[in-house]
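User: I'm new to this structure and would like a close look at one part of it, the place where two helices cross. Could you walk me through that, and then show me how the rest of the chain fits around it?

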Amino acid sequence: MHWETLFSNKRYGSRNLQNTDETRGEYLRDYDRLIFSSQFRRLQDKTQVFPLPGSIFVHNRLTHSLEVASVGRSLGRLVGEKIASKNAEGLSKHAIEFYKFALADVIQTGCIAHDIGNPPFGHSGEDAIRTFFEELSGSQKETLENALTDNQLADLKNFEGNANAFRVLSTIFLKAGLKLTYTTLASIVKYPIDSLHGFDKSTGLISTKKSGYFDAELSVMKEMAADLQMKTLDESKSHLARHPFVFLVEAADDICYRIIDLEDAFRLHILSFKEVEELLLPFFEGEKNEAYIKEQMLSMKDEKQKLSLLRAMLIGLLTRKCSDAFMANETALLNGEVNKSLIELIDEKSIKLIDKIDAISVSKIYNHKSVVEIEIAGFHVIGGLLKEFLGAILEPKSAKSKKMKKLIPEQFEISNDQPLYQNILSVLDFISGMTDIYAVDLYRKITGIQIPSLG
């Protein structure tokens with residue numbers, strides 16, 4: 001792959017490449033379209049890790065995405081300037097200007113979009129969808145197996161929020177007239193392979209772990225990859241190398257969620273300040289600003305203020321380290337040979353400290369009672385909604401099914417004239433796009449737990 005061809009202002013579904021907006025560049029227009037979209041607004045009521053606990057502020061998907069975008073913008077600017085400077089003789093003037101001034105916009109936009117395909121209830125929502133289709137039995141299982149291809153079945157059984165995000169930003173956005181550039185679309189495809197084969201991030205080899213697009217978006221993926229001249233890693237051209245920009249979006253997310261989850265756990269009294277301090281302060285040992293940070297913390301009395309300082313300084317430190325790791329692996333990135341995230345390519349001391357954070361997060365945060373409770377609720381709610389709405393698709397002639405289909409908004413097209421796979425995706429579009437509160441409310445009503453008021 002080449003820096004000269006890895007960006008394009010071509011928009012999926014549009015032949016008009018002329019930008020008549022003199023105040024915004026092409027990639028800033030992508031950002032604005034996402035910010036004003038209903039899919040992005042709904043992230044304000046989607047679980048990040050903790051259920052919203054009332055008076056104590058914790059992060060939801062919206063605030064998380066905005067913070068990731070802030071870090072991503074800085075990463076894009078740092079790396080863009082380095083690419084432009086290092087490759088000044090080999091790049092066109094147009095390319096140099098893109099990397100110096102526009103790459104930051106692309107990465108920022110990719111960051112606010114990275115969770116846009118996640119269903120309600122965090123990652124447990126994804127698990128609930130996978131489990132539902134994996135455990136189908138009897139006539140429903142037989143119907144799906146007869147009507148769907150192996151890859152389409154894999155889309156359902158291996159449902160991925162990453163692949164769903166690509167669907168939202170391409171197919172669903174196209175219906176709404178929100179056509180994004182191929183550059184922005186490519187920046188969020190963490191696993192550029194189909195659901196049947198999957199992508200093992202640890203080895204880069206084909207497995208059944210992760211996917212980046214559904215069978216329905218295969219043509220979009222091929223068109224985008226061809227336009228950006230992305231490298232293929234197999235003869236069938238179904239397994240692509242990651243686009244280099246993806247590593248920057250991923251790094252911004254990796255930096256934010258590790259630190260922010262600790263901060264939320266402190267605010268909820270799951271971790272003490274001392275526990276969090278012992279995880280974060282060692283990152284600065286031997287750094288130029290170590291003395292300054294310790295001096296500032298001694299002058300502060302409020303633990304929240306101290307943690308805010310640690311969080312801000314550590315985000316800045318890891319951002320610089322990840323940008324350095326990107327440039328140190330520039331050739332390997334362009335060759336599609338990097339099978340680790342940038343945060344796994346920084347210095348060994350920092351990696352060990354990150355491993356400690358991960359271990360504590362798993363043991364004390366992600367398995368905390370409140371988190372487990374919301375995950376279990378997600379299984380019941382998502383599973384219940386799928387049971388009712390998928391039943392309406394598979395048994396369309398029953399009286400109940402006709403009623404159920406009336407609850408699906410017209411924008412999610414359900415038709416006997418289109419393949420079963422497309423109807424199922426429409427149901428998933430509807431359910432995965434719900435907020436946590438709406439999903440719970442609808443589940444209660446259609447299962448009779450709560451009778452809707454007519455008043």
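Analyst: Here is the helix crossing, followed by the cysteines, the chain as a whole and a few single residues.

First, some ground rules: this is a predicted model, in which local features need pLDDT of at least 70 and side-chain atom pairs count only at pLDDT 80 or more, while totals for chains, interfaces and linings use all residues. Residues are numbered from 1 along each chain as its sequence is written, and side-chain values use heavy atoms, with hydrogens and water left out.

Let's start with the crossing. The two helices are α3, residues 61-86, and α14, residues 303-328. Helices here are DSSP runs (H or I, at least four residues; strands are E, at least two), numbered from the N terminus. The axes of α3 and α14 come within 10 Å and cross at roughly 35°. Those axes are lines fitted to C-alpha atoms, for helices over the stretch in contact, and the angles run from 0 to 180 degrees between N-to-C directions. The crossing of α3 past α14 is right-handed, meaning that the near helix is turned clockwise from the far one by less than a right angle (anticlockwise would be left-handed).

Who does the touching? On the α3 side you'll find V71, S74, L75, L78, V79, K82, I83 and K86. Facing them from α14 are I315, T319, R320, C322, S323, D324, F326 and M327. Contact here is heavy atoms within 4.5 Å. Sorted by class, this contact between α3 and α14 has 9 nonpolar, 3 polar and 4 charged residues. For that sorting, Ala, Val, Leu, Ile, Met, Phe, Trp, Tyr, Cys and Pro count as nonpolar, Asp, Glu, Lys and Arg as charged, and the others, Gly among them, as polar.

C322, one of the α14 residues in that contact, brings us to the cysteines. A disulfide is a covalent bond between the sulfur atoms of two cysteines. The rule used here asks for a pair of cysteine sulfur atoms within 2.5 Å, and by that rule the count is 0 disulfides. C322 is in no disulfide, and its nearest cysteine sulfur, in C256, is 11 Å away. C322 is also buried, at 0% relative accessibility. (Buried means under 20% relative accessible area, exposed over 50%, and partly exposed in between, with a 1.4 Å probe and protein chains only.) What about C111? Its closest cysteine sulfur is also in C256, 7.9 Å away, so the two are too far apart for a bond. C111 is buried too, with 0% relative accessibility.

Now step back to the whole chain. It has 20 helices and 0 strands. Its C-alpha atoms fill a box of roughly 70 × 55 × 45 Å along the principal axes. The radius of gyration is 23 Å, which agrees with the value near 23 Å for a compact globule of 455 residues. That radius is taken over C-alpha atoms, and the globule rule is 2.2 Å times the number of residues to the power 0.38. Of the 455 residues, 54% count as buried. Among contacts with a separation of 6 or more, 72% are between residues 24 or more positions apart.

A few single residues fill in the picture. S170 sits in helix α8, residues 161-175, and is buried at 1% relative accessibility. Setting aside residues up to four places away in sequence, S170 touches Y12, L185, E217 and V220. F430, in helix α19 (residues 420-432), is buried at 5% relative accessibility. With the same neighbours left out, F430 touches F389, L407, I408, P409, F412, Y438 and L442. S124 belongs to helix α5, residues 122-134, and is buried with a relative accessible area of 3%. Beyond its neighbours within four places in sequence, S124 is in contact with I374, E375 and F379.

L28, in helix α1 (residues 26-35), is partly exposed, with a relative accessible area of 26%. L28 and T109 are 81 residues apart in sequence and 7.9 Å apart in space, C-alpha to C-alpha.

Finally, take a peek at two loops. Q229 lies between α10 (218-228) and α11 (244-267), and has a positive phi of about 55° although it is not a glycine. Q229 is partly exposed, at 46% relative accessible area. H269 lies in the loop between α11 and α12 (273-280). Its phi is near 65°, a positive value in a residue other than glycine, and H269 counts as exposed at 70% relative accessibility.
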